[in-house]
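Dear colleague,

I am passing on a structure for you to look at, and below it I have set out what turned up when its empty spaces and its surface were examined. Please open it beside this message as you read.

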Amino acid sequence: MKKLLATTLTLFLTASLTAQISFGPRAGFNLTNLHESHGSISINGDFKPGFQLGVVANIPVLGDLLSIQPGLLFAQQGAKFNNFLGTGADATFNLNYLQMPINAQFGFDVGQNARILLQAGPYLGFALGGTIKAEFQGRTQTTDINFGSGDMDTRRFDFGVGFGAGVEFGRFQVGIGYNLGIANLSNADNVTTRNSGLALTVTYLFSGRR
């Protein structure tokens, strides 16, 4: 993780020193979910709203056609469950991640100063913390999620792949994307838990196309 952070920060520093490379802030609205299976039984939650905030760099590879876009983001994830595991309680899982997407982005001109964007690539995530909010018979209780290697703990590291599309107007990029988690977040035997989510984002690039 330290090496990956150092690599990402190096890309941002390089971006600030290179005229062709642009960088800037990104903000977005997330709708995320958790998919869990216990042996042959699958449990899918309902989408939970959240947000993401961070910075991205845009590194041209083949002019305006292809670029690499790494990022460093704070992203909220999780899910809502009604009658969780048959207990009668409604549970909301809130997970906060430091995410590092590294996308290949293709751009196609569609008019003056406007482009269609397509992107895909892997992402890595490191859980900063999380809570479970349970509601049962009018009472509410919130507990912290434990991260570690125990059977009842949640794994901190996440990774997966992302896909997205969007439009670019001058220095603004507006996109919609989907992240598909690959990593199993559970340590328990015969239990698999994975993240997934949609995101609507707005990015402003301080330099580059006008």
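In what follows, Ala, Val, Leu, Ile, Met, Phe, Trp, Tyr, Cys and Pro count as nonpolar, Asp, Glu, Lys and Arg as charged, and the others, Gly among them, as polar. The model is a predicted one, in which local features need pLDDT of at least 70 and side-chain atom pairs count only at pLDDT 80 or more, while totals for chains, interfaces and linings use all residues. Residues are numbered from 1 along each chain as its sequence is written, and side-chain values use heavy atoms, with hydrogens and water left out.

The pocket

The largest pocket (an open set of points on a 1 Å grid over the protein atoms alone, with protein on both sides within 12 Å along at least five of seven lines) has a volume of about 540 Å³, a volume being the space filled by probe spheres set on points that are joined across faces, edges and corners. Its lining (residues with an atom within 4 Å of a point) has 21 residues, of which Glu36, Phe93, Ile132, Met152 and Thr154 lie nearest the centre. That lining divides into 12 nonpolar, five polar and four charged residues. Strands (DSSP runs of E, at least two residues, numbered from the N terminus) contribute to the pocket as well: S1, S5 and S10 each supply at least two lining residues, and the largest share, three residues, comes from S1.

The cavity

One cavity of 30 Å³ or more was counted, a cavity being a set of grid points where a 1.4 Å probe fits but cannot get out. The largest cavity has a volume of about 440 Å³ and is lined by 35 residues, with Arg26, Gln119, Gly177, Ala199 and Thr201 nearest its centre. Here the lining divides into 13 nonpolar, 21 polar and one charged residue. Among the strands that each supply at least two of these residues are S1 (22-38), S5 (90-111) and S10 (191-204), although the largest share, seven residues, comes from S9.

The surface

A nonpolar patch (nonpolar side chains of Val, Leu, Ile, Met, Phe, Trp or Tyr joined within 5 Å, from residues with over 30% relative accessible area and no salt bridge) covers about 680 Å², with accessible areas taken from the Shrake-Rupley method with a 1.4 Å probe; a salt bridge is a side-chain nitrogen of Lys or Arg within 4 Å of a carboxyl oxygen of Asp or Glu. The patch is made by Val61, Leu62, Leu65, Phe106, Phe108, Val110, Ile116 and Leu118, and its largest share, three residues, comes from S5.

With best wishes

Technical notes. Helices (H or I, at least four residues) and strands (E, at least two) are DSSP runs, numbered from the N terminus. Patches are made of residues with over 30% relative accessible area and no salt bridge: like charges are joined within 9 Å, nonpolar side chains (Val, Leu, Ile, Met, Phe, Trp, Tyr) within 5 Å.
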